[in-house]
Amino acid sequence: MEAGKYMKEKVNVTGVPETMVQTLYARAKETKKKNAKIRDEIAVELVKKLDYDFSKADKDKAMSCGVIARTIVLDRMVRQYLEKHENTVVVNIACGLDTRCYRMKEKYLRWYNVDLPETMKIRRQFLPETGPIYQIAKSAMDDSYVDDIDYHGENVLVIMEGLTMYLCEKDIRKIFSIIEKSFQKVTVMVETMSPFVVKHVKEQSIEGSNAKFTWGVKNGTELQKIVPNFSILQEVSLVEGMKELMPVYCVIGKIPAVRNISNKIIVMEKRR
């Protein structure tokens, strides 16, 4: 074995970017289980290379379950969407160390992973991507990120996972307004958190960092009021993913309060 093959690389991340290392770890940990509900071999490889203290993430069961439930639900939704819409250009906003672009291989035309420069610097270190997967090191609130997308009027799918709860309403409006102005036919799959959770819940694994939940919305109807140029197509509670992780959710998931406070994936389509 060549020397240094397993040299770990130090990553310096705090605040919101730190959440990307935690979610990566949750996916790697699930993949290694005997009856894993998701398979993310790339996450397993990356965790081996990262010099990072995962002990807090190890203890934060709620975060891990949430991440896996979200991955189950979103993978299914994205796969179904891409199977129905050929030649789609995917824009994955706030991608962190997300590896969905590999799991959906050959189902899309081009895939753009977009995130802040400090996050993309880490991503490039571990995932040196080349077409049809591209990297854009810009904020989703910077209009110019769309200039880096090779776009000729194709159908566009925008994915926003694990982002909105760290923003404020003004940011949400700005992100959606850039999407609306830039693409003709566009569908957005956005993860949202309930205002109740934003107010009352802290993520243990990143409590010491600067990442704080700041924004939530009750449902798609409320989101539509904020971004009126989009109409709601579908709303899927992450309870659907939890059911596969813990069968007890097949029962408690029917309780309206449980469904209401679970994160949701809201599917919005630009009005024509």
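These legends go with several views of a predicted model, starting with the whole chain and moving on to its salt bridges.

**Figure 1. The whole chain, with its 12 helices and nine strands.** Let us start with overall dimensions. Along the principal axes, the C-alpha atoms fill a box of roughly 55 × 45 × 35 Å. The radius of gyration is 18 Å, which agrees with the value near 19 Å that a compact globule of 272 residues would have. Buried residues make up 54% of the 272 residues. Among contacts with a separation of 6 or more, 70% are between residues 24 or more positions apart.

**Figure 2. Surface and charges of the chain.** The accessible surface comes to about 13,300 Å², and carbon and sulfur atoms account for 52% of it. The chain carries 45 positive and 37 negative charges, and the mean positions of these two sets are 4 Å apart. The structure holds 24 salt bridges, and the next views pick out a few of them.

**Figure 3. Close-up of the salt bridge between Asp 40 and Arg 103.** Here the N to O distance is 3.1 Å. Asp 40 sits in the loop between helix H1 (18-31) and helix H2 (41-49), while Arg 103 belongs to helix H5 (residues 100-103), so this pair ties together parts that are 63 residues apart in sequence. Are the two partners buried or exposed? Both Asp 40 and Arg 103 are buried.

**Figure 4. Close-up of Arg 103 with another partner, Asp 75.** In this salt bridge, the closest N and O atoms are 2.7 Å apart. Asp 75 lies in helix H4 (residues 61-84) and Arg 103 in helix H5, so the contact links parts that are 28 residues apart in sequence. Like Arg 103, Asp 75 is buried.

**Figure 5. Close-up of the salt bridge between Glu 240 and Arg 259.** The side chains meet at 3.1 Å, N to O. Glu 240 is in helix H10 (residues 239-245) and Arg 259 in helix H12 (residues 256-261), so the pair ties together parts that are 19 residues apart in sequence. Glu 240 counts as partly exposed because its relative accessibility is 25%. Arg 259, at 28% relative accessibility, also counts as partly exposed.

**Figure 6. A network of salt bridges that share partners.** Which residues are joined here? The network takes in Arg 27, Asp 40, Arg 70, Asp 75, Asp 98, Arg 100, Arg 103, Glu 161 and Glu 191. You will recognise Arg 103 from the earlier views, where its partners included Asp 40 and Asp 75.

How values were computed: Residues are numbered from 1 along each chain as its sequence is written. This is a predicted model: local features need pLDDT of at least 70, side-chain atom pairs count only at pLDDT 80 or more; totals for chains, interfaces and linings use all residues. Side-chain values use heavy atoms; hydrogens and water are left out. Helices (H or I, at least four residues) and strands (E, at least two) are DSSP runs, numbered from the N terminus. The radius of gyration is taken over C-alpha atoms; the globule rule is 2.2 Å times the number of residues to the power 0.38. Buried means under 20% relative accessible area, exposed over 50%, partly exposed in between (1.4 Å probe, protein chains only). Contact means heavy atoms within 4.5 Å. Accessible areas come from the Shrake-Rupley method with a 1.4 Å probe; for residues, only the protein chains shown count as cover. Lys and Arg count as positive and Asp and Glu as negative; His and the chain ends are not counted. The place of a charge is taken as NZ of Lys, CZ of Arg, CG of Asp or CD of Glu. A salt bridge is a side-chain nitrogen of Lys or Arg within 4 Å of a carboxyl oxygen of Asp or Glu.
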